[in-house]
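Reader: I should like to take a close look at one part of this structure, the place where the metals are held. Could you take me through that part with care, and then show me what lies around it?

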Amino acid sequence: MNHDSHPAPGNFLTKYVFSGDHKIIGIQFLFSGLLFWILGGLLALGVRLQLGWPNQALNELLKWFPSLADSIPASWGSRISPEFYTMLFTMHATVMIFFVVVPWLGGAFGNYLIPLMIGAKDMAFPKLNMLSYWVLWPAFFFLLASFFVDGGAAGSGWTAYPTLSSATQNADIPDPGLDAAAKATTPTNPPSPTSMEPGLWERIKNRWNSPAAGQSGQGQVYWLLALIFSGTSSMMGSVNYITTILNCRAPGMTLMRMPLTVWGMFVTAILQSLALPVLTVALIMQFLDRTVGTVFFLPPAGLAFGNWQTGTGGGQPLLWQHLFWFYSHPAVYIMILPAMGMVSDVLVAFCRKPLFGYKPMVFSMIGIAGLGFIVWGHHMFQSGMDPRLGTGFMAATVLIAVPSAVKIFNWLATIWGSRIRFTSASLNALAFISMFIIGGLSGIYMASTPVDIYIHDTYFIVAHIHYVLFLSSMFGIYAGIHFWFPKMFGRTMNDSLGKVHFFLTFLLANGTFFPMHILGIRGHPRRYYDPTIFDWLASVQPLNQFVSICAILLGLVQVIFLANFLFSIFFGPKSGRNPWEANTLEWETPSPPGHGNFETTPIVLHGPYEYAVTTAINGRFSQTGLNRDQIQQGNHP
Amino acid sequence: MHRFWSLLFAAVNMACLALLVVAYAYPGLGWWLPDSASTQANEIDSLFYLITGLCAFFFVATQGILIYSLWRFPSTAPGSPSPIHGHPGLEIGWTIAPLVGLLVITAASLPVWKEARYQGFPPPALEGTNPLPPEADQVILVTARQWDWHLKYATESLPAEGIRQWASVGNPSDLIIANELHVWKGAKVSLLLRTTDVIHSFFVPALRLKQDTLPGKTIPMRFEATVSNVRFDPAEGRVVPNETKASWEIACAELCGGNHFRMRGKLFVHPDRKSYDAWLDHSRRQTRSRSLTAMLPNASSSNQKEGALQ
Ligand code: HEM
Ligand SMILES: [Cu+2]
Ligand SMILES: [Cu+2]
């Protein structure tokens, strides 16, 4: 690809803010992800506060932080309201999925690592790359603004199922029947039209109001807009990654010499580019239903809320679920395949041994991605779709567990007979493998259609998603940050602090999420504000409390990571080009690499994992065969 | 120090396993599957244990290898790492082994699914007259709305081809009750699930039954209870717990708004048809004496949480 159109940046603004340099853009994604990670974590703690101490969560909180008393609406007494609670878990999941894990894996690591690891000077389309970051800002705006609108931020779950999310109340029609008792808690009732002639903006907002839930009005509209923009960003990233990987590889970097991180990003980008349009269409349809009164998700006979009828429809609420999961099942792999690649690279560098089964690892990624397109229905076994479809979706779902198992076996075989250096990075990578086993196994329970009848929408699902997303993807991200931090910032993070953080996070995350399996086996439904009103769930309340305590500690422990990260950017010990003595191309550049990355175009002679080579000077061949770090070790970049 | 990490991985994994074992071994804790009171529940539980057995094997094997490797192969261990790049035989082996396990699970699951969900049901695509399998002893229409369940019991026997008609219009003698599901042990119960507003999900843990209600659709479902927990006491004019003292609840499993968690109902399994009929007769006479309009679905307050009998 032509790189001349992309000169070295001149001033501060073009260098660090509106930069086309993939490294700066990657770091921008990293930092915005970090901020949303904090927000998402706090929202989760709100959820756990309520579940640990239903009806007295705020009392507990006020004991510790009396100064908060003023900011809590008096009408709640000492309680988090049920509507507020639905907002907490909805926005927690939305933030973590669409604003943390996806931007971190694809945006931050994808951007930073792809050109460096394939020996390119930059992305194929630097301007598009820059745009992919800045398109996120409208998404940030709508997401954050939605917390402050009438009715609050979205509250129909990250899955946003119609008609809870989509039903509208046409404000032009007077609304005699809204059940006063049921709706008293929702502050979004349109102001009575007689009291004052509302302005245009008021009238528009009133049109958005939902008879189903207070937060499904303006909050839901903003949620949809936020997701449309963040999807646009991912789409721009994906086409760029695909083009870059196909066209910008250094001489000798055949596809089968690419590090698994790049394979993970490549497969993910393809998944994204094929699946995202479907989600975007679904979001736009729901947006139109919410705003201009289309009826894509409104059934022919309409709906009745109390005595109040919507107009007639002609659509199908189930359509949303098909479109949504057609994207969001591949999306769960979008959130793990890059991490799988990164973990493989980290693992190999610290095992000092070639990756076991490079080709099976690549093919299993491709297999997961391919099968990932035909399993979406496993989220809908109980949805009311024709149950005979469940049979096919179950068969496809169990098949997808096979390549996942193959990956686990190959990682284990990589570790077997190696010589592992235990560092913060390698420990997090090892934890990924151990925890992904648990997450994969719980997936099999849900893949079994009859068992899923019972555990669907219980805490078993919540346990599953956190084993694959927190204990796997997040641990992969921790590993990746520790591993590539020296390349990004020219310094290393403190390894002892990293290990303390790993130790505590590993313990507490298991303490938080493993008991959720038990809750699920007991039948505890997810998204419940107060399970204690049920007799059959009283017995698990101690577990709920234990989970909440672990979760709060888990949140606190992340401060160690944050402090280590921020401190090391400025004060960490300087690292050379290749502090881990790894083989892939990024380690041949200075830390951090300059504009254009490589001093001379690298020529690739070897695969990425030539470790334990007895004939080589240092027991390894770097991909260019140079082992340049040996020559330059000690000389600072 | 290097052994420490191996021990940590061992400790965490063993603690996880131990929690499962404790929860299973001490039913008194109430940390395991709740009572199982239907044919379907027993089958689902057996599948659950089958999967647990296979998963336990896989879990112990893989985590064991991992923990042993961490113990045996730290960088401080003598010798050097082996330069092996792969092994086709192993790859084939560990592709086939999980595949076999998974096919066993699939083969065991699909008949249960078929029986629970579509065997004998008329194809849903045919919007014919009767959406239900023919053998029903009891037909109950469940209408969900924010935030309770309305259950309509037919008191006259229904012609099979009239069931759709009955679901939408009904007979004057029908009994409509909020949040109480009454059946008798051994009855082949057919449910028709509907919603007036948003998606809900009818979840009866003791029956291992869960089905979303979809706006615009009527979804058929069936079950057969195998254990009874109450009987109708004509003297007291209400249902009383029997010796099992079991209280079985109904919950909503699909987010349906702020009070989603409050859609609590109860399941009453009578010992036989006689007790059920006595209850039905009694309740119908009681409710008829109240205003009939008060029982129309739209009129009762959504705060009403318990049915006529509590
Ligand atoms: C062995 C592989 C896996 C299998 C067999 C599997 C199976 C399933 C099934 C059947 C469900 C639907 C359960 C239900 O709602 O009743 C589910 C949900 C889910 N899975 Fe997996 N899964 C696997 C791996 C993963 C991975 C790798 C991820 C992500 C990194 C993931 C993320 C999720 C999420 C986020 C949900 C829940 C979505 C929601 O309802 O909110 N799964 N999985
Ligand atoms: Cu899925
Ligand atoms: Cu609900």
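Author: In this predicted model, the iron atom of ligand 1 and the copper ion (ligand 2) are 4.6 Å apart. Each of these metals can be taken in turn, beginning with the iron.

What does the protein offer to the iron atom of ligand 1 as a donor? There is a single one, the NE2 atom of His464(A), at a distance of 2.1 Å. His464(A) belongs to helix α17 of chain A, which covers residues 459–489. A polar side-chain atom of His464(A) also lies 2.9 Å from a nitrogen atom of ligand 1.

The copper ion (ligand 2) is held in another way. Its coordination comes from three histidines of chain A: His329(A) through ND1, His378(A) through NE2 and His379(A) through NE2, at 1.8 to 2.0 Å. Along the chain, these donors of the copper ion follow the spacing H-x48-H-H. His329(A) and His378(A) are 49 residues apart and link distant parts of the chain. His329(A) sits in helix α11 of chain A, whereas His378(A) is in the loop between α13 (358–371) and α14 of chain A.

The surroundings of ligand 1 come next. How many residues surround ligand 1? There are 22, and the closest are Trp158(A), Asp452(A), His456(A), His464(A) and Arg526(A). Sorted by class, this shell has 13 nonpolar, seven polar and two charged residues. Several helices of chain A take part: α11 (317–334), α14 (387–415), α15 (424–447) and α17 each supply at least two residues of the shell. Helix α11 therefore appears twice in this account, since the shell around ligand 1 draws on α11 and His329(A), a donor of the copper ion, lies in α11 as well.

Two further residues of the shell present polar side-chain atoms to oxygen atoms of ligand 1. For Trp158(A), such an atom lies 2.9 Å from an oxygen atom of the ligand. For Arg526(A), the distance from a polar side-chain atom to an oxygen atom of ligand 1 is likewise given as 2.9 Å.

Arg526(A) also has a partner within the protein. Its side chain meets that of Asp457(A) in a salt bridge, with 3.2 Å from N to O. Side chains of opposite charge can pair when their charged atoms come close. The salt bridge links distant parts of the chain, for its two residues are 69 residues apart. Arg526(A) is in the loop between α18 (495–522) and α19 (541–571) of chain A, and Asp457(A) is in the loop between α16 (449–455) and α17 of chain A. Over all chains, the structure holds 16 salt bridges.

From here the view may be widened to the contact between the two chains. Which residues form a salt bridge between chain A and chain B? One such pair is Asp535(A) with Arg264(B), whose closest N and O atoms are 3.5 Å apart. Across this interface there are two salt bridges, and 33 residue pairs are in polar contact. On the side of chain B that touches chain A, at least two residues each come from α1 (2–25), α2 (39–72), α3 (88–117), β7 (209–213) and β11 (248–252) of chain B. Of these, α2(B) gives the most, with 16 residues. By class, that side has 61 nonpolar, 30 polar and 13 charged residues.

The contact as a whole takes 104 residues from chain B and 114 residues from chain A. The size of an interface is often given as the accessible area lost when the parts come together. Here chain B and chain A bury about 9500 Å² between them, and 71% of this is on carbon and sulfur atoms.

Some details of the backbone complete the picture. In chain A, a cis peptide bond joins Ser591(A) and Pro592(A), with omega about -10°; Pro592(A) is placed in the loop between α19 and α20 (628–632) of chain A. In chain B, the peptide bond from Gln146(B) to Trp147(B) is cis, with omega near -5°, and Trp147(B) lies in the loop between β1 (138–145) and β2 (148–153) of chain B. Finally, Ala160(A), a residue other than glycine, has a positive phi, near 50°. Ala160(A) is found in the loop between α6 (136–145) and α7 (180–183) of chain A.

Terms used: Residues numbered from 1 in each chain as written. Chains lettered and ligands numbered in written order. Predicted model: local features only at pLDDT ≥ 70, side-chain atom pairs only at ≥ 80, totals over all residues. Heavy atoms only, no water. Contact = heavy atoms within 4.5 Å. Buried area = accessible area lost by both parts, 1.4 Å probe. Salt bridge = Lys/Arg side-chain N within 4 Å of Asp/Glu carboxyl O. Polar contact = N/O pair within 3.5 Å; in protein donor to acceptor, adjacent residues only side chain to side chain. Helix = DSSP H or I, 4+ residues; strand = E, 2+ residues; numbered from the N terminus. Nonpolar A, V, L, I, M, F, W, Y, C, P; charged D, E, K, R; others polar. Donors = N, O, S within 2.8 Å, 3.2 Å for Na, K, Ca; no water. Near = heavy atom within 4 Å.
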